[in-house]
Amino acid sequence: MAPDGTATAAINLAEIQRPIQGRLDLVQDELRRMVAADFGLITEVNSHLLRLRGKQFRPTLLLLAEAATGPATTRAVSLGAIIELIHLATLVHDDSVDHSPTRRGMPTVNGLFSHQVAVIMGDYLYSRAMIELVRLDDLDPLRVLARVTNEMTVGEMRQLLSHDPLHFTEADYDLLIRSKTASLLSAACECGALGAAPAERAALASFGQLLGMAYQIVDDLLDYTADEQTTGKPSGLDLKGQKATLPLLAALPNMEPGERQAVQDLMHAAAPTDAQVAEVVAIVERRGGLAYARERGARIAQQAEADLDRLRPGPAREALRACLAYVLERRR
């Protein structure tokens, strides 16, 4: 089902990745090398993190962006691993800040070890990424990823201030997801096009940002519509964490006073109950928040497709287009 509610054929990320699977395997080898440490606890946590790793979506974007704009390079493999390192660091810190006990059905670092270990491990992964960037002796990707790590940190701070939806706007939400989520996907696409013409590099950076915004909107929708078995995290986790995301923000102007009061009560509760979460989920759906978020995701996707049209035709460009469809249709 697409964000606009129309039926679509399922997009399998593994099929998109098949032509570059050999290079993704090299990225994984590089990642293992980069996180290795001669320190028992770090080795133990790294082993757990590598089991937690996701679908290598960001390295996939980087390698496809490179294939769409030029020949394959060894630098791209290293950059794919570095971006995955940065992504892992954000997940470790996010889970610690949110006190999340599980991710993808497995214990988080803070859940299995401690919040102190999680904070330090996130810092370790960020520092390893910077060491590997310096080792490349290339200022271009260093400039991109240094900027992005700063943007993501600002995004985390924005999220801390987003608890009261009555004072949080859709413009605030856009700023948050651009910095917190979309910036790293944009960086992945841009780093794949570092050797390309400026127009192609700019098109891919823009595509990555719009793709990242759509990705986060879909993620926020899934928090309202999918269960833990589907998403790998408890349903309603954003509301339980008192986070204001697009479905709620879109529904607020259409709410009756009693419904707005229910939202306010949840956001100010010491520990929101499952009943409160279920009530607000029903209100948001009833007042059009889910439909609006789906439509907004579809509009952003159309903008991203226009960026791809600025690239030369070819299999890699179409694989990037398929990545966009995968984001819109994903269930987790």
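# Close-ups of a predicted model

**Figure 1. Tyr-326, tucked away inside.** With a relative accessible area of 9%, Tyr-326 is buried, because anything under 20% gets that label. Keep in mind that everything shown here comes from a predicted model. Tyr-326 has company: together with Phe-57 and Tyr-215 it makes up one aromatic cluster. The next two views take that cluster apart.

**Figure 2. Phe-57 and Tyr-215, a stacked pair.** The structure holds two aromatic pairs, and here is one of them. The ring centres of Phe-57 and Tyr-215 sit 6.1 Å apart and the ring planes meet at 20°, so this pair counts as stacked; the cut-off for that is planes under 30 degrees apart. Phe-57 belongs to helix 4 and Tyr-215 to helix 10, so the pair ties together parts that are 158 residues apart in sequence. Both Phe-57 and Tyr-215 are buried.

**Figure 3. Phe-57 and Tyr-326, a tilted pair.** Swing over to the other partner of Phe-57. Here the ring centres are 5.6 Å apart and the planes are at 55°, so the pair is tilted. Why does this pair tie together parts that are 269 residues apart in sequence? It does so because Phe-57 lies in helix 4, while Tyr-326 lies in helix 17 (residues 315-329). As for Phe-57, its relative accessible area is 6%, so it is buried.

**Figure 4. Leu-145 and the largest nonpolar core.** This core has 103 residues, and the ones that touch the most other members are Phe-57, Leu-61, Leu-125, Leu-145, Leu-248 and Leu-320. Helix 10 gives the core its largest share, with 13 residues. Zoom in on Leu-145 and, setting aside neighbours within four places in sequence, you'll find it in contact with Leu-79, Ile-82, Ile-83, Ile-86, Leu-133, Leu-184, Ala-187 and Cys-191. In soluble globular proteins, nonpolar side chains tend to be buried together.

**Figure 5. Helix 10 from end to end.** Helix 10 covers residues 198-225, which makes 28 residues. From its first C-alpha to its last it reaches 40 Å, close to the 40 Å expected at 1.5 Å a residue. Is this helix largely enclosed or largely open? Of its 28 residues, 22 are buried, so helix 10 is largely enclosed by the rest of the structure.

**Figure 6. Glu-200 and its partner Arg-312.** Stay on helix 10, where Glu-200 lies. Glu-200 has a relative accessibility of 10%, so it counts as buried. Its side chain makes a polar contact with the side chain of Arg-312, at 2.9 Å. If you skip residues up to four places away in sequence, Glu-200 touches Thr-69, Leu-311 and Arg-312.

**Figure 7. Glu-44, partly out in the open.** Now for another glutamate: Glu-44 sits in helix 3 (residues 40-52). Its relative accessible area is 47%, so Glu-44 is partly exposed. From Glu-44 to Pro-272 you'd count 228 residues along the sequence, and the gap in space is 34 Å, C-alpha to C-alpha.

**Figure 8. How sure is the predictor?** Across the protein the mean pLDDT is 91, and 94% of the residues reach 70 or more. Where is confidence lowest, and where is it highest? The low point is helix 11 (residues 228-231), with a mean of 50, and the high point is helix 4 (residues 57-69), at 98. Look at residues 1-7 too: the pLDDT there is below 50, and beyond near neighbours in sequence this stretch has twelve contacts in the model.

How values were computed. Residues are numbered from 1 along each chain as its sequence is written. This is a predicted model: local features need pLDDT of at least 70, side-chain atom pairs count only at pLDDT 80 or more; totals for chains, interfaces and linings use all residues. Side-chain values use heavy atoms; hydrogens and water are left out. Helices (H or I, at least four residues) and strands (E, at least two) are DSSP runs, numbered from the N terminus. Buried means under 20% relative accessible area, exposed over 50%, partly exposed in between (1.4 Å probe, protein chains only). pLDDT is the predictor's confidence in each residue, from 0 to 100. Contact means heavy atoms within 4.5 Å. The expected span of a helix is 1.5 Å times one less than its number of residues. A polar contact is a pair of N or O atoms within 3.5 Å; within protein, one must be able to donate a hydrogen and the other to accept it, and residues adjacent in sequence count only if both atoms are side-chain atoms. A nonpolar core is a set of buried Ala, Val, Leu, Ile, Met, Phe, Trp, Tyr and Cys residues joined through side-chain atoms within 4.5 Å. Rings of Phe, Tyr and Trp (its six-membered ring) pair if their centres lie within 6.5 Å; planes under 30 degrees apart count as stacked, over 60 as edge-to-face and the rest as tilted.
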